[in-house]
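Open the model in your viewer and keep the sequence panel beside it. The tour goes from single residues to annotated spans and then to the whole chain.

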Amino acid sequence: MSEKIYEVPAAWAKKAHLTDAKYKKMYAASIKDPDKFWAEQGKRIDWFKPYSKVRNVSYKPGKVSIKWYEDGTTNVSYNCVDRHLATRAKQTAIIWEGDDPSESKKISYGQLYTEVCKFANVLKANGVKKGDRVTIYMPMIPEATYAMLACARIGAVHSVVFGGFSPDSIANRIEDATSEMVITADEGLRGGRKVPLKANVDAAAEKAPVKTVIVVKRTGGDVAMKDGRDVWYHEEAAKVSGHCPPAEMKAEDPLFILYTSGSTGKPKGVLHTTGGYLVYVAMTHQYVFDYHDGEIYWCTADVGWVTGHSYIVYGPLANGATTLMFEGIPTYPTISRFWDVVDKHKVNTFYTAPTAIRSLMGAGEEPVKRTKRKSLRLLGSVGEPINPEAWEWYHRVVGDDRCPIVDTWWQTETGGIMITPLPGATRLKPGSATRPFFGVKPELVDAEGKVLEGAAEGNLVIAESWPGQMRTVYGDHKRFEETYFSAYPNKYFTGDGCRRDADGYYWITGRVDDVINVSGHRMGTAEVESALVSHPMVSEAAVVGYPHDIKGQGIYAYVTLMTGEKSSEALRKELVAHVRKEIGPIASPDLIQFAPGLPKTRSGKIMRRILRKIAEDEFSALGDTSTLADPAVVDDLIANRQNKR
Ligand code: WTA
């Protein structure tokens, strides 16, 4: 692993919100007296009724309960919109860049207020009340943001479903959240291709009926409207006023549910609440991106993921920032698109995923170098470990050796960034997420839960609570406790492995559970397996990750067919299509190996460790195979392994 060090550029140390000395002082204070620290930080948002209690947290098995600022009241939409009106009504809140480079627009805070209020009034007029769950299945258009903020405004709980998910996945999420309304668009547009969003919602609603579907017109494509259920947003919006009072919400009232994959079962509904979440995302957005008034900030994520929630919508808007929202993809119409957009809108901060960097790297330097990128001052990375080679390329080619890179480690569950460099304070080591953010107390533990000191490698846990932490798994608090607080009592278990070096820098090594990270997207191996075995010809399936040059990890599936069924190329294609239909394109297996048998213990448990090693090409490291019921299975697997990358 690279140990090259990048010093803080002198100009940064002078102008940034934080220097190394300030970081150390504030970090020490945040750990020594969290109540005092967070009491102060809570003031960065406006409260209707101030809080007197700051932290009320128990990680005790069977009694896990997490509350921040619990007696305060506020409203997230008020904080992201109304409170800026006095000083920023004319300032751009959102720059929207369409899939087609000829399409873009700017939405001021004044306009944002009217749009959010209208959307909120449309929700009310269609029966949505405080506490109701609203499913949002939208392309990357400003209306997605309006819809989220409109829910927050009236106290409804949104559940955004990524636009790449299949009708079945939407249906599961509608059912789990018992949501009666879906907000969608006629079609999405990505890389010049249309995405049939409304048709997908129609198919989902066959399985999970809803009372109302609000449809935003994006492409004007022909879609079926069901009488009594479907309404056009523009028609509804024409009937309502542009003012809607923000509901007074308790700090611990739910703000949103976001489904994410775990090691077992169906995706979990991660629940985030109001006050602590907003304080945490606003604070991290300001410090990690060293945000200063007037800057143009661009996070390339989709609002369907937590990165989009926290760092396209809530964090930036709470800070009165200008946030760029991009509908398209990095390679359309040309492979220079990201950098063209940077030049077009004079972007100062650019935050993306390593997978994007690795795929652009493949096309060489010229598509980057033909653009200017003079406005860039800071680069960011999120979603998966960034390999030092990609880091160096990002730094040298994209950032012209001038822009620090913040490699931010966090999770859907953590709400906001947890381990990260701070650009004016932290010397960088390519591939390391470096040091903890304020209030975050990471620890490394071994399998027995022993806390490891100094330079060490182990499982990453967080010893204290922080305001952005998830509060529960929606509708299943027991699963919340079991997943995150049972492996290591009194600590939050992240599911990640991690190394700490002699300088106290953290290096995330990847998941230690049955979750794989494909192009920065979390995928539960159990989900893909259950999609595969739902095919009538499949008897058994085991899915593991393997190293993939661009995606980080690829999906490797071992499939055993029903007796009498024959493997073929056609069947392989059919199985990939089947998984895409069941979950969505992001879950497509990269490689499928037909296996007459899977390695099992005598008690019938699949030995995934062996399957992982075979997929990783590490045949010599299979370890102990003596507990296998039939060792010959392994020889067959090795002989027929699929080629990769
Ligand atoms: C991984 C995305 C290394 C990690 C915000 C984590 C990372 C999972 C990094 C969460 C990083 C995220 N370095 N690994 N900078 N950021 N991860 O919930 O395995 O989609 O547990 O949240 O992504 O993925 P999620």
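**Stop 1: His84**

Select His84, which is buried because its relative accessible area of 5% is under the 20% cut-off. This is a predicted model, so read every value below as computed from it. His84 sits in the loop between α4 (76-80) and α5 (85-88). Now show its contacts, leaving aside neighbours within four places in sequence: Asn79, Ala89, Tyr109, Leu317, Ala318, Asn319 and Gly320.

**Stop 2: two annotated spans**

Colour residues 23-80, which UniProt lists in an unreviewed entry as "domain: Acetyl-coenzyme A synthetase N-terminal". This span is 40% helix and 17% strand, and its end C-alpha atoms lie 27 Å apart.

Give another colour to residues 82-465, covered by the UniProt annotation "domain: AMP-dependent synthetase/ligase", also from an unreviewed entry. Here the chain is 31% helix and 23% strand, with 30 Å between the end C-alpha atoms.

**Stop 3: Val398**

Move to helix α16 (residues 388-398) and pick Val398. Is Val398 buried or exposed? Its relative accessibility is 0%, so Val398 counts as buried. Beyond four places in sequence, Val398 is in contact with Trp339, Val368, Arg373, Leu376, Leu379 and Trp393. Draw a distance from Val398 to Arg373: the two are 25 residues apart along the chain, and their C-alpha atoms are separated by 7.7 Å.

**Stop 4: helix α17**

Select residues 477-485, helix α17, and show the side chains of its buried residues: Arg479, Phe480, Glu481, Tyr484 and Phe485. Which strands cover the buried residues of α17? The cover includes β2 (65-68), β15 (268-273), β24 (472-473) and β25 (492-500). The number ranges put β2 within the span 23-80, and β15 within the span 82-465.

**Stop 5: helix α18 and the binding-site record**

Next select residues 525-533, helix α18. Its buried residues are Thr525, Glu527, Val528, Glu529, Ala531 and Leu532. To see what covers them, display elements including the strands β27 (515-518), β28 (521-524), β29 (538-548) and β30 (552-561). The helices α19 (569-582) and α20 (608-615) are also part of that cover.

Stay here and label Val533, His535 and Val538, which UniProt lists under "binding site" in an unreviewed entry. Val533 belongs to helix α18, while Val538 is in strand β29.

What is the accessibility of Val533? Val533 has a relative accessibility of 37% and so counts as partly exposed. Val538, with a relative accessible area of 2%, is buried.

Turn on contacts for both residues, again skipping those up to four places away in sequence. Val533 touches Val538, Ser539, Glu540 and Ala541. Val538 is in contact with Leu532, Val533, Val559, Thr560, Leu561, Met562 and Leu575. The two annotated valines therefore touch each other, with heavy atoms within 4.5 Å. Among the partners of Val538, Leu532 is also one of the buried residues of α18.

**Stop 6: Arg641**

Go to the segment after α21 (632-639) and select Arg641. Its relative accessible area of 31% makes Arg641 partly exposed, because that value falls between the 20% and 50% cut-offs. Not counting residues up to four places away in sequence, Arg641 touches Tyr556, Gln593, Ile614, Asp617 and Phe619. Then draw a line to Asp230: the two residues are 411 apart along the chain, with a C-alpha separation of 49 Å.

**Stop 7: the whole chain**

Clear the selection and zoom out. The protein has 21 helices and 31 strands. Its radius of gyration is 24 Å, close to the 26 Å that the globule rule gives for 645 residues, so the protein is as compact as a globular protein of that length. A box fitted along the principal axes of the C-alpha atoms is roughly 75 × 65 × 60 Å.

Colour by accessibility next: 61% of the 645 residues count as buried. The accessible surface comes to about 24,300 Å², and carbon and sulfur atoms hold 51% of that.

For a contact map, take pairs at least 6 apart in sequence: 72% of these contacts join residues at least 24 apart. Last, mark the charges, 83 positive and 79 negative; their mean positions are 4 Å apart.

Technical notes: Residues are numbered from 1 along each chain as its sequence is written. This is a predicted model: local features need pLDDT of at least 70, side-chain atom pairs count only at pLDDT 80 or more; totals for chains, interfaces and linings use all residues. Side-chain values use heavy atoms; hydrogens and water are left out. UniProt positions are given in the numbering used here, feature names are shortened, and annotations may be inferred rather than shown by experiment. Helices (H or I, at least four residues) and strands (E, at least two) are DSSP runs, numbered from the N terminus. The radius of gyration is taken over C-alpha atoms; the globule rule is 2.2 Å times the number of residues to the power 0.38. Buried means under 20% relative accessible area, exposed over 50%, partly exposed in between (1.4 Å probe, protein chains only). Accessible areas come from the Shrake-Rupley method with a 1.4 Å probe; for residues, only the protein chains shown count as cover. Lys and Arg count as positive and Asp and Glu as negative; His and the chain ends are not counted. The place of a charge is taken as NZ of Lys, CZ of Arg, CG of Asp or CD of Glu.
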